[in-house]
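This report considers the internal cavities and the open pocket of one protein model, and asks which parts of the chain line them.

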Amino acid sequence: MAELQADDDRRYDPGALLTLLRTFAVVVLRGMELTPGRQVELTRGLGEPTLDPDMDNRHPDTPELLVVDNSGDTPVVGNNIWHTDGSFLRRPIRYTMLKAVALPTSGGDTLYADLQTAYDNMPPRWRDVLAGAIGLHAYDRIAATRADAHNNPAALAGTSTYTPSRHPIIRAHPDTGAPVLFVNDLCLSRIESGDGVPVELTVAELIAHATQDRFVYRHQWAAGDVVVWDNARALHRADFAAELPRVMHRTTTAGDIPQAFTSVGTPA
């Protein structure tokens, strides 16, 4: 994790942020002043902004910005489950920028797990089992959770928009080529070998390994905080009591098609 304080001009420089994100999975920016429009523009400096499929919670004036609110009639769901953003897409989301808007009186943290470090500390036997393995990432669970939370069965219709995507379980980081574990407790439905045979390791086992305390950074939010992270390297989840209001502004950028890691550290 890297942190830029309120007197550091690099906070508003996309090039400086991208440089930091080549080394750190998470970058914390303190004392930020961002309108929704300005947040989108800063995000655009990192990559092409994306539109979230949750149309009910897009900002009314800035559709590229998602209002992550756990209260109201259409609460954003699934953010308390370990996940990377948009892994069900053929080109998963690359960077996420999250701004604190309204924080609860206690709690409300966001946790980040470093998936590159998790791979580096994986048992050698696991690496052998997962070499060449493929994960099936589907939108179905998100849609079902949203339909239940909103009492709106029609929300399930969105599942037909997103064909499940097959991604390597061990991906090459798009910038460095380093091996990174690619898992998502919200979207990853199964893991199989390249020829379609289920592997002996489960999603639950991989998530439990990746989210050990030694791999996790817990961000305790303060007013003016913005956090940017690399979904090609970091899992995240929110940690807060549902009865306490918490509102965040989220923007994201498009990514590339994940490539499998090979023994020489280059995409397959």
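## The largest pocket

In this predicted model, strand E13 makes the largest contribution to the lining of the largest pocket, supplying 3 residues. E13 spans residues 234–239, and together with strand E3 (66–69), helix H5 (140–149) and strand E14 it belongs to the elements that each give at least two residues to this lining.

The volume of the largest pocket is about 460 Å³. Its lining comprises 32 residues, of which Asp-52, Leu-66, His-83, Asp-85 and Arg-250 lie closest to the centre. By class, the lining of this pocket consists of 17 nonpolar, 8 polar and 7 charged residues.

## The largest cavity

The structure also contains 2 cavities of 30 Å³ or more, and the largest of them encloses about 60 Å³ of space. This cavity is lined by Pro-92, Ile-93 and Arg-94, by Arg-171 and Pro-174, by Asn-231 and Ala-232, and by Gly-255 and Asp-256. Sorted by class, these lining residues are 4 nonpolar, 2 polar and 3 charged.

## The second largest cavity

The second largest cavity has a volume of about 30 Å³, and its lining is made up of Thr-50, Leu-51, Asp-52, Glu-64, Leu-65, Leu-66, Arg-250, Thr-251 and Thr-252. Strand E14, which covers residues 247–252, is the main contributor here with 3 residues, while the lining as a whole divides into 3 nonpolar, 3 polar and 3 charged residues.

Asp-52, Leu-66 and Arg-250 appear in the lining of this cavity and are also among the residues closest to the centre of the largest pocket.

Key
Residues are numbered from 1 along each chain as its sequence is written. This is a predicted model: local features need pLDDT of at least 70, side-chain atom pairs count only at pLDDT 80 or more; totals for chains, interfaces and linings use all residues. Side-chain values use heavy atoms; hydrogens and water are left out. On a 1 Å grid over the protein atoms alone, a cavity is a set of points where a 1.4 Å probe fits but cannot get out, and a pocket is an open set with protein on both sides within 12 Å along at least five of seven lines; lining residues have an atom within 4 Å of a point. Grid points are joined across faces, edges and corners, and a volume is the space filled by probe spheres set on the points. Ala, Val, Leu, Ile, Met, Phe, Trp, Tyr, Cys and Pro count as nonpolar, Asp, Glu, Lys and Arg as charged, and the others, Gly among them, as polar. Helices (H or I, at least four residues) and strands (E, at least two) are DSSP runs, numbered from the N terminus.
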